[in-house]
Amino acid sequence: MRERTAAGGGSAPERVGPLTGLRRALANPAANYVLIVASVLALTGFGLLMVLSASSITAYQGGAGSSYAIFARQALFALAGLVLAFGLSRVPGGWWRPLAWFAFPAALGLQSLVLTPLARAEGGNQNWVALGPAIVQPSEFLKVAFALWLAAVLSRPGARERPWSTWGLSLLGFGAAGGLIMAGGDLGTAIIVFALYLGALFVADLPVMATVGTCVAGAGAAALLVVTNANRMQRVAAMMAGHAEAGSDDYLSSHWQSAHGTYALASGGWFGVGLGASREKWAWLPEAHNDFIFAIIGEELGLLGSLIVIALFVVLAAGLLRMALRTPHAQVRVLVAAVFMWLIGQATVNIAVVATLLPVIGVPLPFVSAGGSSLVANLIMIGVVLSFARDEPGVAEALRLRGRRVPEAARTSSSSRTSKETTAP
């Protein structure tokens, strides 16, 4: 306990504990910025470590001749993505609205290449494009452009006075993005883009029925796409039946990946078998360094390691939610809500798939799974979010002060400015 001098010359007790310190940290104007940056850097660094561990056998047996081949490529993508994120975080927030109207058509054009001879198929989906020596997944960058475009459309001047036409325009944009993604057969990515779209609609100034109707229609369309595809129905049936009802033939087909993911999680116990000591990565678990990397985390680092990853995503979610709830600007609110549903929703889906709570749909764990397009796109989006976060009152000053304590006067001034902006017509 620490004593604080009272006005009359005496002293009044002031309890200083962990909660007090947390409240003070969250009161800092740059708290949202720090939460997002810290969680993303931790997830990216942890992801590189786990990609090295999970991919070492696959890289060597795949003909690369080195156990570090996949890791080295992922490290280069991480470096490029972090540099881009840092640069984009310095862009003034006002630049993104006009840029969105160019970025979205360009991203649609890139995605349309999946319908050309440049397209490459993998895992039953034709959602990759060969651009020279590089293989790019354009749908990852389409997510970035679509989120920016939605924020511009749903917050444009006059959107509140013409809600149904605004909703119709946003629906056309989603139809274009989702339709081109489904042209490549990638239902998993289309579902994530739909979640991103719903997040934007939920916080926009639109009629409730527009959001509800979109949600119902989207769920119905997804169900139709599942029941009309034998491969997708097989995955759903495998998830519903569970491993207990599976025969030996099932384990060699529809149950193979989910069963070995379960074996990895189960064998990890509380603290894991040790970093690098996974048995499932020895060609037993498909996509061990990609879609099922969370299973390797559970096997090597146990429940403790799995909970640390989940906790980092909770920190990222807290930073995004606080930013969306506190900003007085509709464009920022829509963008951050869309990003929240994309990154946190995708992480939830990936972990649920590994835990056999959802059928296998093939989406990576953001910032952690191997995959250059996904990692770079995720970091680009974080850079855009941080550029808006830096524009919040008091954030630039707080970041300049770094580790020093933010003066009470600056904190009060920041709170006053935020209050005025919030109550302004």
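Biologist: Let me start with glutamate 287, which is found in the loop between helix 11 (256-268) and helix 12. What is the sign of phi at glutamate 287, positive or negative?

Modeller: Keep in mind that this is a predicted model. Glutamate 287 has a positive phi, about 55 degrees, although it is not a glycine. With a relative accessible area of 32%, glutamate 287 is partly exposed. Threonine 356 also isn't a glycine, and its phi is positive too, at about 60 degrees. You'll find threonine 356 in the loop between helix 13 and helix 14 (372-390). At 29% relative accessibility, threonine 356 counts as partly exposed.

Biologist: Since it's predicted, how do I read the confidence, and over which residues is the pLDDT below 50?

Modeller: The general idea: where pLDDT is low, the predicted coordinates should not be read in detail. Here the chain averages a pLDDT of 83, and 82% of the residues score at least 70. Residues 1-7 have a pLDDT below 50, and that stretch has 17 contacts in the model beyond near neighbours in sequence. Residues 406-425 are also below 50, again with 17 contacts beyond near neighbours in sequence.

Biologist: Okay, the overall picture. How many helices and strands does the chain have?

Modeller: There are 16 helices and 5 strands. Of the 425 residues, 47% count as buried. Take the contacts between residues at least 6 apart in sequence: 67% of them join residues at least 24 apart.

Biologist: How do I read a nonpolar core, and which residues touch the most other members of the largest one?

Modeller: Think of a network of buried nonpolar residues joined through side-chain atoms within 4.5 Å. The largest one here has 101 residues, and Ile36, Phe146, Phe313, Leu316, Leu335, Leu365 and Phe367 touch the most other members. Helix 13 (residues 330-354) gives the most to this core, 15 residues. For a hub up close, take isoleucine 36: setting aside residues up to four places away in sequence, its contacts are Leu316, Gly319, Leu320, Met323, Ile382, Val385 and Leu386.

Biologist: Now a helix. How far apart are the end C-alpha atoms of helix 3?

Modeller: You check the span against the rise per residue. At 1.5 Å a residue, the 21 residues of helix 3 (residues 69-89) should span 30 Å, and its end C-alpha atoms are 30 Å apart, so the two agree. Then look at which side is covered: Ile70, Gln74, Ala78, Gly81, Ala85, Leu88 and Ser89 are buried. These buried residues cover an arc of only 100 degrees around the axis, so they sit on the same side of helix 3. The face turned away from that buried side carries the exposed residues Leu76, Leu79, Val83 and Phe86.

Biologist: And helix 7, is it largely enclosed or open, and why?

Modeller: Helix 7 is largely enclosed by the rest of the structure, because 14 of its 17 residues are buried. From first C-alpha to last, helix 7 reaches 25 Å, close to the 24 Å expected at 1.5 Å a residue.

Biologist: What about aromatic rings: how many aromatic pairs are there?

Modeller: A pair of rings is described by the distance of the centres and the angle of the planes. A search of the whole structure finds 9 aromatic pairs. Phenylalanine 174 and tyrosine 197 have ring centres 5.1 Å apart and planes at 10 degrees, so this pair is stacked. The pair links distant parts of the chain, since phenylalanine 174 is in helix 6 (residues 163-183) and tyrosine 197 in helix 7 (residues 187-203), 23 residues apart. Both phenylalanine 174 and tyrosine 197 are buried. They also belong to one aromatic cluster along with Trp101, Phe104, Phe146, Trp149 and Phe194.

Biologist: Last one: how do I read a long-range neighbour, say for tyrosine 33, and what does tyrosine 33 touch?

Modeller: Compare the separation along the chain with the separation in space. Tyrosine 33 lies in helix 2 (residues 31-64). The C-alpha atoms of tyrosine 33 and serine 387 are separated by 9.5 Å, with their positions 354 residues apart along the chain. Leaving out residues up to four places away in sequence, tyrosine 33 touches Ser89, Arg90, Leu386, Ala389, Arg390, Val395 and Leu399. At 10% relative accessibility, tyrosine 33 counts as buried.

Biologist: Which residues does isoleucine 310 contact?

Modeller: Isoleucine 310, in helix 12 (residues 293-326), is in contact with Phe294 and Ile351, leaving aside its neighbours within four places in sequence. Its relative accessible area is 32%, so isoleucine 310 is partly exposed. Isoleucine 310 and threonine 348 are 38 residues apart in sequence and 9.0 Å apart in space, C-alpha to C-alpha.

Technical notes: Residues numbered from 1 in each chain as written. Predicted model: local features only at pLDDT ≥ 70, side-chain atom pairs only at ≥ 80, totals over all residues. Heavy atoms only, no water. Buried < 20%, exposed > 50% of the residue type's maximum accessible area, 1.4 Å probe, protein only. Helix = DSSP H or I, 4+ residues; strand = E, 2+ residues; numbered from the N terminus. Contact = heavy atoms within 4.5 Å. Expected span 1.5 Å × (residues − 1). Arc of directions from axis to C-beta. pLDDT = per-residue confidence, 0-100. Phe/Tyr/Trp six-rings, centres within 6.5 Å; stacked < 30°, edge-to-face > 60°.
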